[in-house]
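Thanks for making time this morning. I would like to walk you through one structure, slowly, so please bring it up on your screens.

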Amino acid sequence: MLSDSPAFSGFSVDDADAARHFYQETLGLRVTDEAMDGILRLHLGGGTSVLVYAKPDHVPATFTVLNFPVPDIEKAVDELAARGVRFQRYEYPPTDEKGIMRAGGPLIAWFTDPAGNVLSVMQEG
């Protein structure tokens, strides 16, 4: 029954306008408004979409809510940093001066949206 459902994910933010600006202008995603005020749809590759909704008592997710696979993480990090994105630095897993984790597994770099939700870019392959 559910295996054929066009499922989608969603997460909250504290300010829909700030989220729209970040996802549309900073990250370059197509963002549309849903019928209910304060709900946005992020249009991602392959026809995938994610709902982002304003929530007055929003608490940022403490885990990665959205991963963006990229062919070249160095290039992606540099381009996003030039657009004002600040990458997180962690001791564990350890990240380098750019914020890229290179200690096993895929190369990955984490950053946050204006509401504090954790996102990442990760190298494909």
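What volume does the largest pocket have? In this model, which is a predicted one, the largest pocket comes to about 210 Å³. Two elements each give two or more residues to its lining, namely β5, running over 64-70, and α2, running over 73-82, and of the elements it is α2 that gives the most, with three residues. If you want to find the place on your screens, the lining consists of Leu27, Leu29, Phe68, Val70, Ala76, Glu79, Leu80, Arg83, Phe111 and Val121. Sorted by character, that lining has eight nonpolar residues and two charged ones, with no polar residue among them.

Let me turn from the pocket to the core. The largest nonpolar core holds 30 residues, and those with the most contacts inside it are Phe11, Tyr23, Leu27, Leu42, Leu66, Phe111 and Val121. Several elements give two or more residues to this core, including the helices α1 (16-26) and α2, and the strands β1 (9-13), β7 (108-112) and β8 (118-123).

Val121 deserves a moment of its own, since it appears in the pocket lining and also in that list of core residues with the most contacts. Leaving aside residues up to four places away in sequence, Val121 touches Phe68, Val70, Ile73, Val77, Leu80, Phe87, Leu107, Ile108, Ala109 and Phe111.

Finally, a word on annotation: an unreviewed UniProt entry carries the label "domain: VOC" for residues 5-124. In the model, the end C-alpha atoms of residues 5-124 lie 26 Å apart, and the span is 18% helix and 33% strand.

Definitions and conventions
Residues numbered from 1 in each chain as written. Predicted model: local features only at pLDDT ≥ 70, side-chain atom pairs only at ≥ 80, totals over all residues. Heavy atoms only, no water. 1 Å grid on protein atoms, 1.4 Å probe; cavity = no way out; pocket = protein on both sides within 12 Å on 5 of 7 lines; lining within 4 Å. Points joined across faces, edges and corners; volume = space filled by probe spheres on them. Helix = DSSP H or I, 4+ residues; strand = E, 2+ residues; numbered from the N terminus. Nonpolar A, V, L, I, M, F, W, Y, C, P; charged D, E, K, R; others polar. UniProt positions renumbered as here; feature names shortened; annotations may be inferred. Core = buried A, V, L, I, M, F, W, Y, C linked by side-chain atoms within 4.5 Å. Buried < 20%, exposed > 50% of the residue type's maximum accessible area, 1.4 Å probe, protein only. Contact = heavy atoms within 4.5 Å.
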